[in-house]
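Trainee: I've got a model open and a few labels I'd like to challenge. Can we go through them one at a time?

Mentor: Sure, pull it up.

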Amino acid sequence: MENVIGVSLFKDIRQFLKEKNKKNIFLITDENVSKYYLEEILYYLVPFKTRVYILEPGEKSKCLKVVENIYMELINYNYDRSTTIISFGGGVVGDISGFVAATYLRGVDYIQIPTTLLAQVDSSIGGKVGIDFGKYKNMIGSFYFPIKTFIDIDFLKTLDRREMTSGLAEVLKYGLIKDYDFFRYIRDNIQGIYDFDEEILIEVVEKCVSIKTEVVAMDEKDRGIRKILNFGHTIGHGIESLYDFSKYKHGEAIILGMMYESFISKEMGLIDEEYFCEIIETLKDLVVPVHFSNEDITKILSKMSHDKKNLDERIVFVLPTGKNKVDIFDNVSKENMRKSLKGDW
Ligand code: ADP
Ligand code: ZN
């Protein structure tokens with residue numbers, strides 16, 4: 001597992017493929033990414049046999065049918081064990097491409113070129129690949145690491161504000177769980193991030209990649225410490241599924257989740273009022289907190305109790321216990337959850 005972080009990395013990618021003596025490339029991307037960048041990347045892939053597979057953007061592409069179509073295409077064009085799959089896009093493209101790479105001919109090499117902030121700081125790191133099954137998200141998958149990940153900050157310039165916010169959620173999460181100074185740095189430089197300040201973005205992405213890599217290295221298969229990366233995700237997932245994954249982008253829901261879960265933490269006496277307020281002040285400017293109705297709260301709690309992260313039907317939370325610190329709890333009272341989701345802080 002190796003990463004390169006920088007700008008204008010196409011030449012490095014070509015160089016890498018040449019050094020590794022790669023000849024057969026199968027590039028998977030989506031319509032939006034190809035609109036902006038396909039011509040350019042293909043220019044750099046001229047020395048290799050290359051086919052391109054373009055997905056429809058969005059989560060609905062993360063299904064078995066699409067995977068089947070990709071296998072078909074790989075077989076029809078005689079892609080053998082020497083194939084290198086290149087994943088060129090956001091989290092959706094990365095998850096499918098990685099899954100295909102993990103399973104086609106029992107595994108072929110793949111390279112990640114994540115093009116969203118969320119994918120650069122989160123989904124492209126850690127080897128989780130997979131697809132949805134029916135209404136169940138990420139139900140089928142594996143752990144499979146790319147031979148190299150090229151993180152090029154240039155791609156972020158074509159992302160819209162909501163997509164940047166969605167990535168910022170995971171960025172802020174790293175600060176809150178592991179590095180309070182980094183959290184403050186992000187807060188103070190948030191405008192620079194939205195303005196695509198290259199220097200700030202490189203610093204931010206490097207930091208996130210190193211935090212996530214460190215956590216993953218301690219627990220590759222997600223059985224222990226890696227769970228701390230789920231801060232904001234227990235309630236966040238509940239909110240995402242309340243709206244059938246359509247109203248909020250993943251990161252937007254995680255920002256909400258981090259606010260509600262921080263409230264729970266404060267109510268349990270794990271963090272003080274001052275730290276709680278600091279978290280809320282930073283996050284509420286990115287996504288406006290909601291006062292959920294009793295009916296919606298009941299639905300969110302029911303979604304949460306069916307989460308695959310739970311153990312023995314107890315809802316598992318990752319809660320801040322101080323600056324740079326989180327811990328795992330399964331003893332949060334329903335009353336506390338309800339109070340938090342009401343949003344009357
Ligand atoms: P994620 O946010 O998890 O990375 P997606 O893969 O669904 O998830 O990407 C989010 C959206 O952003 C998709 O519509 C995708 O086509 C689009 N997208 C990805 N990369 C870029 C980019 N560099 N510029 C503009 N749009 C992009
Ligand atoms: Zn997430």
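Mentor: We'll take some helix pairs, then two backbone angles, then the ligand.

Trainee: Before that, what kind of model is this?

Mentor: It's a predicted one.

Trainee: OK, helices. Why are α6 and α11 called oblique to each other?

Mentor: Look at the angle: helix α6 (residues 161–178) and helix α11 (residues 250–267) pack at about 40°, with their axes 7 Å apart. Roughly parallel would need an angle under 35 degrees, and roughly perpendicular starts at 65. The pair fits neither, and therefore α6 and α11 are oblique. As for the hand, α6 passes α11 in a left-handed crossing.

Trainee: Which residues in α6 and α11 meet?

Mentor: From α6 you have Arg162, Thr165, Ser166, Ala169, Glu170, Leu172, Lys173 and Leu176. Facing them in α11 are His250, Gly251, Glu252, Ile254, Ile255 and Met258. Sorted by class, the contact of α6 with α11 holds 6 nonpolar, 4 polar and 4 charged residues.

Trainee: Now α13 and α14. What makes that pair oblique?

Mentor: Helix α13 (residues 294–305) and helix α14 (residues 334–342) pack at about 125°, and their axes are 10 Å apart. Roughly perpendicular covers 65 to 115, and roughly antiparallel needs over 145. The value falls into the rest, so α13 and α14 count as oblique to each other. Their crossing is right-handed.

Trainee: And which residues make the contact of α13 and α14?

Mentor: α13 brings Asn294, Ile297, Thr298, Ile300, Leu301 and Met304, while α14 brings Lys334, Met337, Arg338, Leu341 and Lys342. That comes to 6 nonpolar, 2 polar and 3 charged residues.

Trainee: One more pair: why are α3 and α4 oblique?

Mentor: Helix α3 (residues 64–76) packs against helix α4 (residues 91–103) at about 55°, with the axes 11 Å apart. Set that against the same cut-offs, under 35 for roughly parallel and 65 to 115 for roughly perpendicular. Neither applies, so α3 and α4 are oblique. α3 passes α4 in a right-handed crossing. Val66, Val67, Ile70, Tyr71 and Leu74 in α3 meet Ile96, Phe99, Val100 and Thr103 in α4. By class that contact has 8 nonpolar, 1 polar and no charged residues.

Trainee: On to the backbone. What makes Ser8 worth pointing out?

Mentor: Ser8 isn't a glycine, but its phi is positive, about 50°. Most residues other than glycine have a negative phi, so a positive one gets flagged. You'll find Ser8 in the loop between β1 (3–6) and α1 (10–19). Phe196 is another non-glycine with a positive phi, near 60°, and it lies in the loop between α8 (190–194) and α9 (198–218).

Trainee: Last one, the ligand. How do you know that Thr116 makes a polar contact with ligand 1?

Mentor: The cut-off is a pair of N or O atoms within 3.5 Å. An oxygen atom of ligand 1 is 2.6 Å from an N or O atom in the Thr116 side chain, so the pair qualifies. Glu163 passes too, with a side-chain N or O atom 2.7 Å from a ligand 1 oxygen. For Gly91, a polar backbone atom is 2.7 Å from an oxygen of ligand 1.

Trainee: How many residues surround ligand 1?

Mentor: There are 16, and the closest are Asp30, Gly91, Thr116, Thr158 and Glu163.

Terms used: Residues numbered from 1 in each chain as written. Chains lettered and ligands numbered in written order. Predicted model: local features only at pLDDT ≥ 70, side-chain atom pairs only at ≥ 80, totals over all residues. Heavy atoms only, no water. Axes fitted to C-alpha atoms, helices over the stretch in contact; angles between N-to-C directions. Helix = DSSP H or I, 4+ residues; strand = E, 2+ residues; numbered from the N terminus. Left-handed = near helix turned anticlockwise from the far one by under 90°. Contact = heavy atoms within 4.5 Å. Nonpolar A, V, L, I, M, F, W, Y, C, P; charged D, E, K, R; others polar. Near = heavy atom within 4 Å. Polar contact = N/O pair within 3.5 Å; in protein donor to acceptor, adjacent residues only side chain to side chain.
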